[in-house]
Amino acid sequence: LVDLPRDHPRVAAALAALRCDYSVWALRLPPLAAGSAVQTLGLERLLNWPRFKNVQVVPPGGDDDDDDDESRLLLLSADYAAMDEASVAAAVRDGVAAATNAAAKTRRENPAALALPTTPSDNNDNDNNDSTNVSTPTPTPVVSLKRHTITLPYSFWSVDQVLAHLLPPHLPPVRSFETVGHVAHLNLREEHAPHARLIAGVILDKNASSGTGIRTVVRKTGEVGGPFRTYPLEVLAGEPSTETALVEHGTTLRLDLQDVYWSSRLGTERQRLLGLLGADDVLWDAFSGVGPLAVPAAKRCARVLANDLNPRCVEFLETNARLNKASARL
């Protein structure tokens, strides 16, 4: 998968292999009984997987069942997956009892008639009882224990898990990236370079589906340099534009990562400096960049004088002053 984009057929085939089915135990119970069972069992005995709800809705007649009423499936911990039914029933007996009692109250029935059927071992002592009881139909339990298959699609897996599946096993994990507006800025190691487009495509894909607003993924291809202290960027995936907008501590800032120097890590220091300014102060900012310090300062002190050697920075400085209604004192 070296130097292949996210949408290449070979990558798509590799991602399809991530889809798998997983069988777990679940309690099927009425909707009004689910809350009591959850409270009694606690999260440690429930599936409790990220991006999966412990309580699933089963529509009428769904889940291979002829029941005409809507019900709920309470997914139990994966620790029970390899256990037999009798062992699981014993492990969650208190949760079943709570659900059964809650169901009995809503139906105004005897809880004993709604409980899980007893296991064969529980009935051994009664095998020699009056034979007239043999033909007595067992009431259908309102709470039942059953196997349920969960499908884990591509969307279930995190970026780290997907990349671990796609990249060679000897590569170190991809470090976190900096987000600047709609742009994700990667700092990749040299050994990751042959897989840069694939890594960027997965990051774009996963973040687009999660609603983070990332539409472009770039990486730095050289060191900071030149008279304006900018760094060369390569667009790896998504929209080609690197002009974006962000909000830092309530200040809206527009900038173009290709043309200006920007570091989100300096945001804490900028806040510290702003905290030192009073209403009668005058701030001289000779290296203002796009105005992350000068613009908010103009809204809290008497006057701000700002400049930058980079003409693109000055353009964005003036734009940001207007956007934040700070032009009068800047």
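Let me begin at the end of the chain, with K325, which has its place in the segment after α10. Before going further I should say that this is a predicted model, so please take what follows as a description of that model. K325 is exposed, with a relative accessible area of 74%, and its backbone has a positive phi of about 55° although the residue is not a glycine. As background, most residues other than glycine have a negative phi. A second residue to look at in this respect is N48, which is likewise not a glycine and has a positive phi of about 55°. N48 is found in the loop between α2, residues 31–41, and β2, residues 55–58, and with a relative accessible area of 41% it counts as partly exposed.

Let me turn now to the salt bridges. How many salt bridges does the structure hold? The structure holds 10 of them, and I will take you through a few, starting with the one in which the side chains of E243 and R254 meet, at 3.6 Å from N to O. E243 lies in strand β9, residues 243–248, and R254 lies in strand β10, residues 251–256, so this pair ties together parts of the chain that are 11 residues apart in sequence. As for their surroundings, E243 is partly exposed at 31% relative accessibility, and R254 is partly exposed too, at 29%.

The next bridge also involves strand β9, where E248 is found. The side chains of R270 and E248 meet in a salt bridge at 2.9 Å, N to O, and the pair links distant parts of the chain, with R270 in helix α8 and E248 in strand β9, 22 residues apart. Are these two residues buried or exposed? R270 has a relative accessibility of 10% and counts as buried, and E248, at 12%, counts as buried as well; the cut-off for that word is a relative accessible area under 20%.

The third bridge I would like to show you is formed by D259 with R312, the closest N and O atoms being 3.1 Å apart. Because D259 lies in the loop between β10 and α8, while R312 lies in helix α10, residues 311–323, the pair ties together parts that are 53 residues apart in sequence. D259 is partly exposed, with a relative accessible area of 28%, and R312 is partly exposed, with 26%. These two residues also belong to a network of salt bridges, in which D256, D259, R312 and E315 are linked.

While we are in the loop between β10 and α8, please find Q258, which is in that loop too. Q258 is partly exposed, with a relative accessible area of 32%, and although Q258 and P232 are 26 residues apart in sequence, their C-alpha atoms are 6.8 Å apart in space. A further pair that one can compare in sequence and in space is L171 and R189, which are 18 residues apart along the chain, with their C-alpha atoms separated by 9.8 Å. L171 is found in the loop between α6, residues 159–166, and β5, residues 178–180, and at 13% relative accessibility L171 counts as buried.

Let me move on to the pockets. In general terms, rolling a probe the size of a water molecule over the atoms shows where empty space is left. In this model the largest pocket has a volume of about 520 Å³. Which residues lie nearest its centre? The pocket is lined by 23 residues, and of these Y261, F287, S288, G289 and D308 lie nearest the centre. Helix α8, residues 267–274, gives the most to the lining, with three residues. When the lining residues are sorted by character, they divide into 14 nonpolar, four polar and five charged.

Finally, let us look at the surface, where V282, W284 and L305 make a nonpolar patch of about 340 Å². Of these residues, V282 is found in strand β11, residues 282–285, and V282 is partly exposed, with a relative accessible area of 45%.

Methods
Residues are numbered from 1 along each chain as its sequence is written. This is a predicted model: local features need pLDDT of at least 70, side-chain atom pairs count only at pLDDT 80 or more; totals for chains, interfaces and linings use all residues. Side-chain values use heavy atoms; hydrogens and water are left out. On a 1 Å grid over the protein atoms alone, a cavity is a set of points where a 1.4 Å probe fits but cannot get out, and a pocket is an open set with protein on both sides within 12 Å along at least five of seven lines; lining residues have an atom within 4 Å of a point. Grid points are joined across faces, edges and corners, and a volume is the space filled by probe spheres set on the points. Helices (H or I, at least four residues) and strands (E, at least two) are DSSP runs, numbered from the N terminus. Ala, Val, Leu, Ile, Met, Phe, Trp, Tyr, Cys and Pro count as nonpolar, Asp, Glu, Lys and Arg as charged, and the others, Gly among them, as polar. Patches are made of residues with over 30% relative accessible area and no salt bridge: like charges are joined within 9 Å, nonpolar side chains (Val, Leu, Ile, Met, Phe, Trp, Tyr) within 5 Å. Accessible areas come from the Shrake-Rupley method with a 1.4 Å probe; for residues, only the protein chains shown count as cover. A salt bridge is a side-chain nitrogen of Lys or Arg within 4 Å of a carboxyl oxygen of Asp or Glu. Buried means under 20% relative accessible area, exposed over 50%, partly exposed in between (1.4 Å probe, protein chains only).
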